[in-house]
Amino acid sequence: MHDHGECNCKDHGQTNPLVPTMVKVLKIVEETPDVKTFYVAGENGIPFKVMPGQLAMVSQLPIGEGMFSVSWQADDHLQFAIKRVGLLTEALHDIEVGQTLGVRGPYGNGFPVEACKGKDMLFIGGGIGLAPLRSFIKYCFKYRQDYGKIKIIYGARSYDDLCFKQELFEEWPQVPDCEVFVTIDNPEEKWNGHVGFVPAYLEEINPSPQGTIAVTCGPPIMIKFVLQSLEKMGYSDEQVITTLEMRMKCGIGKCGRCNIGSEFICLDGPVFDLTQLKKLPPEW
Amino acid sequence: MSDNTMKAREIAKKLLQDGTVDLVLGWEKGDEPYVSAPTVIRDASETDRLVVDEYCIHDLAALLTDYRDSHDKIAIFAKGCDSRGIVRMIQDRVITRDRLYIIGLNCSGMKDPNEYARAASGMSKITPAKKATKCQSCQYPNPIIYDEILGELQQPGADNRFAEIEKIENMTPDEKYEFFSRELSKCIRCYACRNACVACNCRTCIFDETKPQWVGRATDTVNNMLYHIVRAMHVAGRCVECGECERACPAGVPLMLLNRKLIKDVDQLFGPYQAGLSLEGDAIPPLSRYRVDDPDEFM
Amino acid sequence: MKVLPSDKIREALNILSGEAEVYVPQMRDDVSGYFIWADNPQVELALDILNTYMSPKNVVLPQTENMYSFSAVGQDANVVEVANPQGQRVIFGIKGCDLKALEALDLAFLTKGYEDEFYKARRQNLAIIARACYTPGPACFCESMGVDRLNPEADVVIHDLGNQSFAWEPKTPKGEELTSKLQGVLVEQDVKLPQAAELKRKIDITGLSEKLAGMFEHPVWDELSSRCMNCGTCTYVCPSCYCFDIQVNTRGEAGNRFRCWDSCMYREYTLMAGGHNPREYKKERFRNRFLHKLQFFNERYGVNLCIGCGRCVILCPNGVNILEVIDKLKEVQVDA
Amino acid sequence: MKSFLKYLGIEPERYQLAWISGSEGQKFADVMAHVVAEVKKVGPNRKLREEHE
C-alpha cells in the first residue's frame, strides 16, 4: 500500500472518513467555457494538507458528491479545477462565491514527489487532465532546485478549451529551464501555435528519455496513445507515470467500484507507473 | 421431448455449418437434472450440447439485446410466449426479422427450474409444481412466428388469467394499498424483473438515469412501489405476458398481478389487443400510436 | 452440556431482546432472511431449513443505511447529525459459511488504511450465536472454501439435536455472558451430537487465483457470460458481496445522505459523468464479478470472497452456476 | 393510469385528468374547485408517502 507522503490524512476535522467538513468558496476563476477553478477554505484555513496528485471528495450537500484532483494546495486555500459534465458539476458551475461546500479527503497516493527529485520532468496533459498535473508542476516550481529541466506538453480541443491560459502562456515559460508546448486539435484563426493531437506532438518534440520522468493525464484514449509513443521513444516503464480516472463513491477503498483488478484507484492510485499498470488488467 | 432434442441439434448443426446463422441461442443442461439454462453456440461441433426438455422455460428473446449492435445472424428457439417476445423485440427495433432464424416449439407447459432448485436446496419447503405458474393459464402455447416448427400443436388452457385481478379489484382502497405495499416492500431492487423482460429493452433505462434521478435507490416501500408502478406503466400495452419477471424474482413478488391488470385495461380500453401477436401494420401496441377513437372521457 | 429446549427458544429470544436487537432467521411469505425478532415475534423461526435466501449481511450492512442528515439553506449548508448505530446486537442461528463471509467483510471494511465507522459500530457490539451445520444441501461447497461448518468461530455454538432443541456451547467471554443471562431457560443435559452428513459438492480451487491472473483476455469469458442477464440477484443474496452506492435524499432545505447496496452487474456502476465506462458490456461485468470472487479479493486480502453457500447457484434466474464456471476456468488451456 | 392507481389503492378522487385549453379560464377554475372539494372529502393522503423516521 502506498504511503501517503507527509500528508496527515487521519487528523482532519471528522473522525468518520465518509462525512465531509464544511468549507466556503473564496474565489471562482473561469478557465474555459466549461471549466472553472474553485478556491475553497474552511474557517481555520485549509481543511487538510494535500500532496500533489491527491484527490478530495467535493460535495454540494443537496446535490451530490464527486471526486476531484486537488489542482493546488496553497497555504490558505485549496484549488479544484472542475469541468462541467454531470449532475453535480453543473450545479457547481452555477454557485457563487460564499457558497458552502463539503470536502473530505485527501484520498489516493499522489505523485512520487520524492522519487522524482533530481530528474528532468516531462508533463503531458490533455484537456482537463492538466488539473492534476498542475499540482505537481507548481510543486516543482515551488522546489525548483530539486528538479531538472521541465517540459510541459499540453493539448486541448480548441483554444477556448485550454485550461490555466494565464499560467500556461505568461507564468510557466518564465520559470528557469522550463519549456511549454501547447497544441490544439484543429486550426483556428486566432491561433498560430501548433495544431495536432498531443501524442503526435509529443513524438515531434521527441524529448530524450535520459534521466527523465514522464507524467501524463488526460482522456483515457489519449493516455493509451501517449503511453505507446513514450515506449516507442525509449522510455522505460519505471519512467512513465499516469494518474487515472474512475467513478468513485466512497474514496476510502470500500465501495468496490473503482477497481482495476485488485487495486483501488482511490486508495492504491490514482497514480500508477507503467510497471504497476502493466500488471493490472487493461480495464480503465 | 427427447426427439425434439435430436431434431434441435440437427437443425442447429445444419444452420451453423451452411452459415445461415452465426450463433444458436438455445438451452443446455446444467449439472442438476432440473437445470436447463440458456446458452450461445457458435461452433457447429458443439451443437450436441443443446437440449429441448421440460425445463427450457427461459424467454431467450430477452438476451437479444446483447446482439442489437452486432450483425450476427441468430438461430433462436422459441416457445409460444418466447415468440411473442421476439415480436416485441422486432417491433421495438432491437433486432430485425431477417437476422433471425426462429425454430418454433409447440409447448405443452414447462417446469420452472428455479422452483425445483429452491425445493432441492433445502432452503425452502415448497413443492415444485408439475407446470410452472406462468404456464398455468397459457393462451398461446404455439409460436406466433417461426421458420421451422417442432412438436405437435397444443391447445390453450382455460383462460382464468384475470381471476386474481378481479379479486383484488373488489377490495377496498385501503386493503388494496395494504396488500401491494406489503408485497412490494419485499423487493430488493435487484432488477431481475427488468433484465428478464423482453419489453424492457431501452438502451439507458430510466432507473439508471442520474440527471435527474427519477426513482430513488433506497429500498423503502415508497421507492419500491414507485419503481414497480413506473416499470409497469412503461411496459403497459407491450408486455407479452411471458411471466419471466415473476419467475426471476428472488423475493417472490407477484409481479404478474400488476402486469395482468394493465393487460386487462389496455385490452378493454383500447380495443381488443394482446401484445406481440403479429408483426403486421395494425399490431402496433395501442399506447405507442394514436387513434381518433381512443377513449378520452376526460375531454 | 447445556441445552436450549425447543419450547424455551422464544423465551430465550425475548430475554435477549431486552437489551439488544436480536436478528433471527425468519420466513416472510416464501422469502427467508434475518429479521429483528422484536419486530414480529409471532412469525415462525426458520431454523428447520438449511439456510436463508437473503444472507445475514444486512445485520452489519443494511440494504439502505442513513449516514448523515444535513441542512442546506441558501448559500450555507452543514451536516446536522451523523448516524451512530450503537446498541447491542445479537445474531441467532447464523451458519459457519455466513460467518466466514462476515470475516471477509471485516477485512474489506476494517483494514487497509481506513475503518468504516458505520460498519464498525454495528460489528463491534454484535454477539454471535452460530449454528453448527450437520445437514448440508446439494449446492453447498463451503468446506472447499475453507469453512469450518461444525465449529464456527462464534461467541456461542448451538447444535441442532434433531428435535428443534439445541445443545448450547459458549466459546468466548461474551458467550459466557449470554449463557448467564439465559441460565433460567438453559437446562443441563448430557447430549450426543448428531452425525455430520458429508458434503455432496467438493471443488479444488488451489492455484485457480494464479491461473486467472493470466486469463483476463481469454475468450472463455464470452461463452460463460452469454447466459447471464446482468441482474443484481447474485450480488444481493450473496453473503460476502459488499459493494455499496452513496446517494442523497433531498427534501427542500434538508435531507440526508445514505448508502445502499449496489451491484457490479449494473452498467451505471462504473459509468462516469463524461460517458466513459471501463466496464461497458455484460462480459466485462460478469468477468469482474467472478475475478473479484476468485482472484482480486484473494490478491488483496489473502482470502477468497466466495464461501460456497450456494445461494447464487439456487437463485440465479438463468442458471449461472459458479461451480460450473470454476470447472470451466480450471479446464481451459491458457496459451500465453 | 387512473385505473391502475385505483387498483393499487389510491382513491380515484386523488388523480384526475382534465383537458383545458389556455383560453378556458373559467373551466380551469371550476375544475380546480371540483378537485379540491373531492380531495377534501377523501381526507389527508397517507399512501405513497415517505414516513420520516
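In this predicted model, two helices of chain A meet through a small set of side chains: Val198(A), Pro199(A), Leu202(A) and Glu203(A) in H4(A) are in contact with Met222(A), Phe225(A), Val226(A) and Ser229(A) in H5(A). Helix H4 of chain A covers residues 198-205 and helix H5 of chain A covers residues 220-232; they pack at an angle of about 20°, with their axes 9 Å apart. Angles under 35 degrees count as roughly parallel, and H4(A) and H5(A) are therefore roughly parallel to each other. The crossing of H4(A) and H5(A) is right-handed.

**Backbone exceptions**

Most residues other than glycine have a negative phi, and most peptide bonds are trans. The table lists residues of chains A and B that depart from this pattern.

| Residue or bond | Feature | Value |
|---|---|---|
| Gly105(A) to Pro106(A) | cis peptide bond | omega near -5° |
| Gly269(A) to Pro270(A) | cis peptide bond | omega near 0° |
| Asn206(A) | positive phi | about 50° |
| Tyr191(B) | positive phi | about 65° |

Pro106(A) is part of strand E6 of chain A, residues 100-107. Pro270(A), by contrast, sits in the loop between strand E14 (263-264) and strand E15 (271-273) of chain A.

Asn206(A) belongs to the loop between H4 and strand E11 (212-217) of chain A. Tyr191(B) is also in a loop, the one between helix H5 (173-184) and helix H6 (192-196) of chain B. Are Asn206(A) and Tyr191(B) buried or exposed? Asn206(A) has 11 other C-beta atoms within 10 Å and is exposed, whereas Tyr191(B) has 26 C-beta neighbours inside 10 Å and counts as buried.

**The sheets of chain C**

Chain C has an open sheet of 8 strands with mixed pairing, in the order E3-E2-E6-E7-E8-E9-E1-E10. Strand E3 (31-36) and strand E10 (187-188) are at its edges; each has a single partner strand, so one side of each is left without a neighbour in the sheet. Within this order, strand E8 (residues 156-160) and strand E9 (residues 166-170) of chain C form an antiparallel pair over 5 bridges. Ile158(C) stands opposite Trp168(C) in E9(C).

Another open sheet of chain C has 4 strands, in the order E5-E4-E12-E11, with antiparallel pairing. Its edges are strand E5 (76-82) and strand E11 (244-251), each with a single partner strand, so one side of each lacks a neighbour in the sheet. From one strand to the next, the twist averages 25°. Strand E4 (residues 64-73) of chain C pairs with E5(C) in the antiparallel sense over 6 bridges. Val73(C) is placed opposite Asp76(C) in E5(C).

**The nonpolar core**

The largest nonpolar core contains 273 residues, and those touching the most other members are Cys266(A), Leu25(B), Ile76(B) and Ile129(C). Which helix gives the most to this core? Helix H2 (residues 96-110) of chain C does, with 8 residues. H2(C) lies across strand E6 (88-95) and strand E7 (126-131) of chain C, and runs at about 130° to E6(C).

What is Ile129(C) in contact with, leaving aside its neighbours within four places in sequence? The contacts are Val90(C), Ile91(C), Phe92(C), Gly93(C), Ala154(C), Asp155(C), Val156(C) and Ile158(C). One of these, Ile158(C), is the residue that stands opposite Trp168(C).

Definitions and conventions. Residues numbered from 1 in each chain as written. Chains lettered and ligands numbered in written order. Predicted model: local features only at pLDDT ≥ 70, side-chain atom pairs only at ≥ 80, totals over all residues. Core = buried A, V, L, I, M, F, W, Y, C linked by C-beta atoms within 7 Å. Buried ≥ 20, exposed ≤ 12 C-beta atoms within 10 Å, placed from the backbone. Contact = placed C-beta atoms within 7 Å. Pairing = 2+ DSSP bridges. Axes fitted to C-alpha atoms, helices over the stretch in contact; angles between N-to-C directions. Parallel < 35°, antiparallel > 145°, perpendicular 65-115°, else oblique. Left-handed = near helix turned anticlockwise from the far one by under 90°.
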